[in-house]
Structures are given as C-alpha cells and as structure tokens.
Amino acid sequence: MHFTAPLKSNSIKIMLLGSGELGKEVAIEAQRLGIEVIAVDRYPNAPAHQVAHEAHVIDMQNREAVLDLIRRVRPDYILPEIEAISIDALFDAEKEGFHVIPNAEAVNKTMNRKNIRKFAAEELGLKTSAYRFVSSFDALEAAADSIGYPCVVKPVMSSSGHGQSVARSREDLQKCWEIAKEARGDASELIVEEFVEFDYEITLLTARTEKETIFCEPIGHEQKGGDYIFSWQPAFMAPGAREKAEEIAKKITDGLGGRGIFGVELFVKGEEVYFSEVSPRPHDTGMVTLITQSQSEFALHLRAVLGLPLEFAFHTPGASAAYKAKRHSVTPVIHAEDAVFAADSFIRVFGKPESHEGRRMAVVLTMAASESEALKKAKERIGYVDDYANVTKMVESEREESEDESCVIKKVFKFIFGK
Ligand SMILES: Nc1ncnc2c1ncn2[C@@H]1O[C@H](COP(=O)(O)OP(=O)(O)OP(=O)(O)O)[C@@H](O)[C@H]1O
Ligand SMILES: [Mg+2]
C-alpha cells in the first residue's frame, strides 16, 4: 500500500461519524499511518475531535447536514462510530461513490434490532432467543405470554441498555412498557425476547476484508444496567462452543459484508451458542485489546478499512474496567492513584469535556498470566480511580510544595472548578 501525508491534495482521508472514546483510538491508529482524520460529532471537543486534523460539530441525524459535510470533505472512507446517524445520508453517500464502512446496508441492518434479528434468524438461520415484535401494550402482553417469563423487552432502536428491562411476570409488563417508551431512540416498536439463562456471554471480534476473515480471542464481559463494566480476554470456551461461535461470526459478517471489524455478541449455554447482536465497528468490551494484542481492535479496524493484511499477535491475557463518573461536572477531574500506573496496568482517560453520573470517562487495563488474575487486578485497580477529586490528598501534596495556605487553596480550587 502507498501511504500519503495528511493535509495534502492526495491525502488518504477517513471521516469518523461519532467521535467518542472508540473513535479516538481509531483516529490515533490512523494518525500513526499518516492518514488524514476528520472527526464529527454532535458536541464540540468530543474525544476523537481532540486527536483529529479536522473536527466538525453537526446534527448527525440530519440527512442534509451529514451529506453536505461528506460532499465537502470527500473522505476516502466513512466510518460510522455510533448508531444514531442519518442512514439515508449513508445510502446517498454510497450511491455517490463514497465508501461507507462496512457498507450502508450493514449499518442499516445493525442499527435496528428488528432488521438484524430477522436477518440473522430468518435469513441466515442462526440460533437466537425466541422473539416477537410489538407496537402496542396488548400485543406486548400477548407476546410475553407466548414467549414466557422472564423475558426481555427492548426498543428496536436503542443501545447501551437504554429502555431495556426484564419482565419476571405479567405484572411487570406495564413498567417495561413505560421504560421502553421513555428511552431515547425510536421506541415505537419493541422486541420481546426469551430470557436466555446463559452460562456466560462473549464478544467475538471478527475483522474482514475481501481477502480474509480473522477472529480475536473471545472476550468475556460483565454487564450492569445494560452497559459493560468489566471485560477480559481470552474467555475460555469449550472447543465445540468456540467452533460454533466462529461459525456464527463468519456467517453474520459475511452476510453483512464489507471491510472492518465487527463485535459479534453471543450467549453461551452449555454447547449451545446464541447470536445476540453485532456492531459493525469496534466494540466497547474490546478496549481490552489495547493491552492484550499487538494490534488492538482499533488498529485491526483501520487495517481492514484500508484493505491491509489482518495479521496480529495475541500477547497476554488481560482485562479492562470501565470507569463511570459519579457526578456531573463541566470541569471533570479523574483522580487515579499511583497504584494504577504499575508494570501490569495503565489507564486511558477519554478527555470527555463534561461528566455526568454513569458516563464512561476512562478505562483501566491490566495484564497477568491468566485472564482471571487480570480481571481480579482490574477490579482492584479501578478502585483507585475516582472523579471526586481526592481533595485531602491534593491539599497535602500542595502543602509540601508551598507554605502559603491561600495559595494552596487557590490551586486546589482551580484544579477542581477550573477557576
Ligand atoms: N435475551 C436475553 N437474555 C438474557 N440476557 C440478555 C438478553 N438480551 C440482553 N441481555 C443482557 O443485556 C445485555 C445488553 O443487551 P443488548 O446487547 O441487546 O443491548 P444493547 O442496548 O445493545 O447493549 P450494548 O449497546 O451495550 O451492546 C446483554 O449483553 C446481556 O447481558
Ligand atoms: Mg449489546
């Protein structure tokens, strides 16, 4: 492959639609190869904006706004990083000859649970939980009764667990209905799923180009409130289950087509493997690959986008722990104690310009001889991170440097409140 310099008439350009922490890592990988990065999001100073050559703030649900920017920038590759993007703009861009990753139809299918579930279960014949789609409360009752309890109720368009709930009996359905309706996204239609009592769940990162498909070691994860909090790699799978998982991942990614990495989410129960859903982009649980692999999921994504070979080495078992803010702040402070900066662990701080309760602000990564050891360390080290600035400690260390108490207080205030 020929590489170019950025900001030239012949630069190779990628446009990130969505500039969160996952996009930021993709941008950094692109920078490493001299690729020009144009980062787009709906708010200023998003994580990937900060490491891009060009940053744009637009309403990404607005077809004209997205299309207009694509036509002006003329990127070689368009990389959707989130689900909330005008899909019509992506279809139009593709018609005009732009290269959408992995392709507009794959983005369309995966952004809607109805599309992807029908495609996986009905067209590809993959094993999934039993499911029904409903758009009225009466239909929800009928669907839940026929699927049985407990069952899971989700808006067809939502992510990170928004609007999702479990009905343990018929009495819970009214509450589930309200939760789904209040969630953001298009909650006009809901999916009711059989609750799979899985032994464990995994993400199987699968990267593909026209020439090859590769799998990363399975990633195990723990979810809380529909969002991941810990992940580890490799997740042990019985050989039969692993084979089935790779078979499912190959089928779904071949079915969606195009270039890029996919996060294939699977439930494992004994020898049975259920397809749950798939992201046509790096996966949050895959942040663990920042420490475990020679090429992280972000580097592999970029390689696939560029059509490069997907060779990589698995270096070490590892784990990740997501740090979620405990409070709202427009001058967020992430306090990480020295214990995080060990030979076997480090932290990535995303640089999000504001924190609010539950917002993911950083990730702690650990490595060890085994994944269970790495996970134990991740659980321990995340305890050394806090977004309540540790004022006592800070005052102590400032006092060591200065005798002037008002100067100490001023410094601490400036750090915490930005003024
Ligand atoms: N049918 C089910 N049976 C059992 N558990 C489920 C089922 N559906 C979802 N879950 C649990 O809820 C989690 C989130 O569900 P799902 O992946 O469908 O939602 P999401 O909003 O797309 O989440 P994310 O965006 O974080 O991937 C799953 O990882 C799993 O732990
Ligand atoms: Mg999911």
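Trainee: Let's start with the strands. How many bridges join strand β4 to β5?
Mentor: Keep in mind that this is a predicted model. Strand β4 covers residues 77-80 and runs parallel to β5. One pairing you can look up is Ile78, whose bridge partner in β5 is Val100. The number of bridges joining β4 to β5 is two.

Trainee: And which strands are the edges of that five-stranded sheet?
Mentor: The sheet is open, its pairing is parallel, and its order reads β3-β2-β1-β4-β5. An edge strand pairs on one side only, so look at the two ends of that order. Those are β3 (54-57) and β5 (99-100).

Trainee: Helices next. At what angle does α1 run to β2?
Mentor: Helix α1 takes in residues 21-32 and lies across β1 (13-17), β2 (36-41) and β4. For another helix on these strands, take α2: it lies across β1, β2, β3 and β4, at about 165° to β1. For α1 against β2, the angle is about 165°.

Trainee: What is the hand of the crossing of α2 and α3?
Mentor: Helix α2 is residues 63-73 and helix α3 is residues 87-95, and their axes come within 8 Å. They cross at roughly 35°. The hand of this crossing is right-handed.

Trainee: How many nonpolar residues does the contact of α2 with α3 have?
Mentor: From α2 come Arg63, Val66, Leu67 and Ile70, and they meet Asp88, Ala89, Asp92 and Ala93 in α3. Sorted by class, the contact has three charged residues and no polar ones. The nonpolar count is five.

Trainee: Just past α2, which residue has a positive phi although it is not a glycine?
Mentor: Most residues other than glycine have a negative phi, so a positive value is something to look up. Here the phi is about 50°. The place to look is the loop between α2 and β4, and the residue found there is Arg74.

Trainee: Now the peptide bonds. Which loop holds Pro102, the proline that follows Ile101 in a cis bond?
Mentor: Most peptide bonds are trans. The bond from Ile101 to Pro102 is cis, with omega near -10°. Pro102 has its place in the loop between β5 and α4 (104-110).

Trainee: And what is omega for the peptide bond from Tyr149 to Pro150?
Mentor: Pro150 is found in the loop between α6 and β7. The bond from Tyr149 to Pro150 is cis. Its omega is near -5°.

Trainee: That takes us to the four-stranded sheet. Which residue in β8 stands opposite Val152?
Mentor: This sheet is open, with the order β6-β9-β7-β8 and antiparallel pairing. Its edge strands are β6 (131-134) and β8 (165-167). Strand β7 (residues 151-155) pairs with β8 over three bridges. Opposite Val152 stands Val166.

Trainee: Which strands does α7 lie across?
Mentor: Helix α7 is residues 173-182, and it runs at about 165° to β8. The strands it lies across are β7, β8 and β9.

Trainee: Where do domains 1 and 3 sit relative to each other: how far apart are their C-alpha centres?
Mentor: The protein is divided into domain 1 (13-100), domain 2 (130-194), domain 3 (200-385) and domain 4 (389-419). Domains 1 and 3 do touch, with 15 residues of domain 1 in contact with 14 residues of domain 3. The distance between their C-alpha centres is 22 Å.

Trainee: Which element gives the most to the side of domain 1 that touches domain 3?
Mentor: Two elements give two or more residues to that side, α1 and β4. By class, the residues there divide into eight nonpolar, two polar and five charged. With seven residues, the one that gives the most is α1.

Trainee: Last one: how many of the residues around ligand 1 are polar?
Mentor: The shell has 17 residues, and the closest are Ser129, Ser159, Glu193, Val196 and Gln223. Domain 2 and domain 3 each supply at least three residues to this shell. Three of the shell residues are nonpolar and five are charged. The polar count is nine.

How values were computed:
Residues numbered from 1 in each chain as written. Chains lettered and ligands numbered in written order. Predicted model: local features only at pLDDT ≥ 70, side-chain atom pairs only at ≥ 80, totals over all residues. Axes fitted to C-alpha atoms, helices over the stretch in contact; angles between N-to-C directions. Left-handed = near helix turned anticlockwise from the far one by under 90°. Contact = placed C-beta atoms within 7 Å. Nonpolar A, V, L, I, M, F, W, Y, C, P; charged D, E, K, R; others polar. Near = placed C-beta within 6 Å. Domains from an automatic or database assignment.
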